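This note sets out a few points on helix packing and surface character for a colleague's consideration. Please read them alongside the model.

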Amino acid sequence: MISIKKNYIFNTVYIILNTLIPLITIPYLNRTLGPESMGKVTFAISFVMYFSTFSGLINPVFAMRELAKIRNLHQQKNKLFSFLFFLNMIIKLFTLIVYLLLIFILEKTKENTFLFIIIGTHLVFEIFSIEWVYQAHEEYGKIVGMNIFCKVLSLLIIFLAVKTQRDYNFYALSSIVAMSLPFMLNFLLKRRMILFQKPDLIPSQVFFYLKSSFPFYLLALFANFFSNIDKLLGGFLIGNTYVGLYSIADKIILLSTSFSTSLTTVLIPRITYLYYKNELEDFYTKLVKAFKFILFLTFPLMVGIFIVA
């Protein structure tokens, strides 16, 4: 079993990459695209993220927790994975249809339909998002490896294809490569730990899992709403230029919080497994240590951000 310390390092690298690479590319993009073109892409991503969140009735944290309970019971694990995957696929496909209809109706999205189609492919890739399977098995190294590969590919697209303000579609493509392509690659490499079975989508089971996942869904919904509403309203009300400028500061805050949130993500599958196995002493010990470590990190980060601001 991989140690929590190693997984914490892997997951911290993973979250930092998602935030740090945009900070590396911002000076170049600011010179070539400018705030207005960058704001167009940021606004499109924020718009798509709402559809992504609304379609997340099978919440990844919930799915990871349920799979972590039975990760050593292969037949039950395969059955549960297949059920959750196909149920999630049906919901995502329905959301994708609604999204495609809206981008051809709303005035704001009709201005850059092709851009919204590019960013909208994120909803397609999300169908194959099974990172929760790797997380349930505490295989964070594989997730990080795929993300590093896709981030490097994304950087190549930016520096080779983005040359003028009109090249914002290439910037959008690089964002999809970095953000969404790992879903497909991780899906193709899943066979070593899990296999498909024909799922029985019995209405009572569907209702049970949707009901069980709903509290996790609500938390993700509110978190996404408050993290994207500023950029979404900014795009509608004051223009893409201001969204582009604002998003730079927002990425700095996200980078700071990643150090504490990464431990929580790593800890969930382990403590779920311990609780399910009734190993309560180890369960509470790890919770207390994690809480102390998060306090140790977050307070200096908070003070540092206030000083820099």
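In which sense, right-handed or left-handed, does α2 pass α6? The points below begin with that pair.

1. The model is predicted, with local features needing pLDDT of at least 70 and side-chain atom pairs pLDDT 80 or more, while totals for chains, interfaces and linings use all residues. Residues are numbered from 1 along each chain as its sequence is written, and side-chain values use heavy atoms, with hydrogens and water left out.

2. The crossing of α2 past α6 is right-handed (near helix turned clockwise from the far one by less than a right angle). Helix α2 (residues 34-54) and helix α6 (residues 113-126) pack at about 35 degrees with axes 9 Å apart. Helices are DSSP runs of H or I, at least four residues, numbered from the N terminus; axes are lines fitted to C-alpha atoms over the stretch in contact, and angles run from 0 to 180 degrees between N-to-C directions.

3. Among the residues making this contact (heavy atoms within 4.5 Å) are F43, F47 and F51 of α2 and L115, F116 and I119 of α6. By class, the α2 contact with α6 comprises 12 nonpolar, three polar and two charged residues.

4. Helix α4 (residues 74-103) also packs with α2, at an angle of about 150 degrees and with axes 10 Å apart. This crossing, too, is right-handed. From α2 the contact takes F47, V48, F51 and S52, and from α4 it takes K92, T95, V98, Y99, L102 and I103. Seven of these residues are nonpolar, two polar and one charged.

5. On the surface, I9, V13, I148, F149, V152, L153, L156 and L160 make a nonpolar patch of about 720 Å². Helices α1 (4-32) and α8 (140-161) each supply at least two of its residues; α8 gives the most, with six, and V13 lies in α1. Patch residues have over 30% relative accessible area and no salt bridge, with nonpolar side chains joined within 5 Å; areas are from the Shrake-Rupley method with a 1.4 Å probe, and a salt bridge places a side-chain nitrogen of Lys or Arg within 4 Å of a carboxyl oxygen of Asp or Glu.

Conventions
Ala, Val, Leu, Ile, Met, Phe, Trp, Tyr, Cys and Pro count as nonpolar, Asp, Glu, Lys and Arg as charged, and the others, Gly among them, as polar. Patches are made of residues with over 30% relative accessible area and no salt bridge: like charges are joined within 9 Å, nonpolar side chains (Val, Leu, Ile, Met, Phe, Trp, Tyr) within 5 Å.
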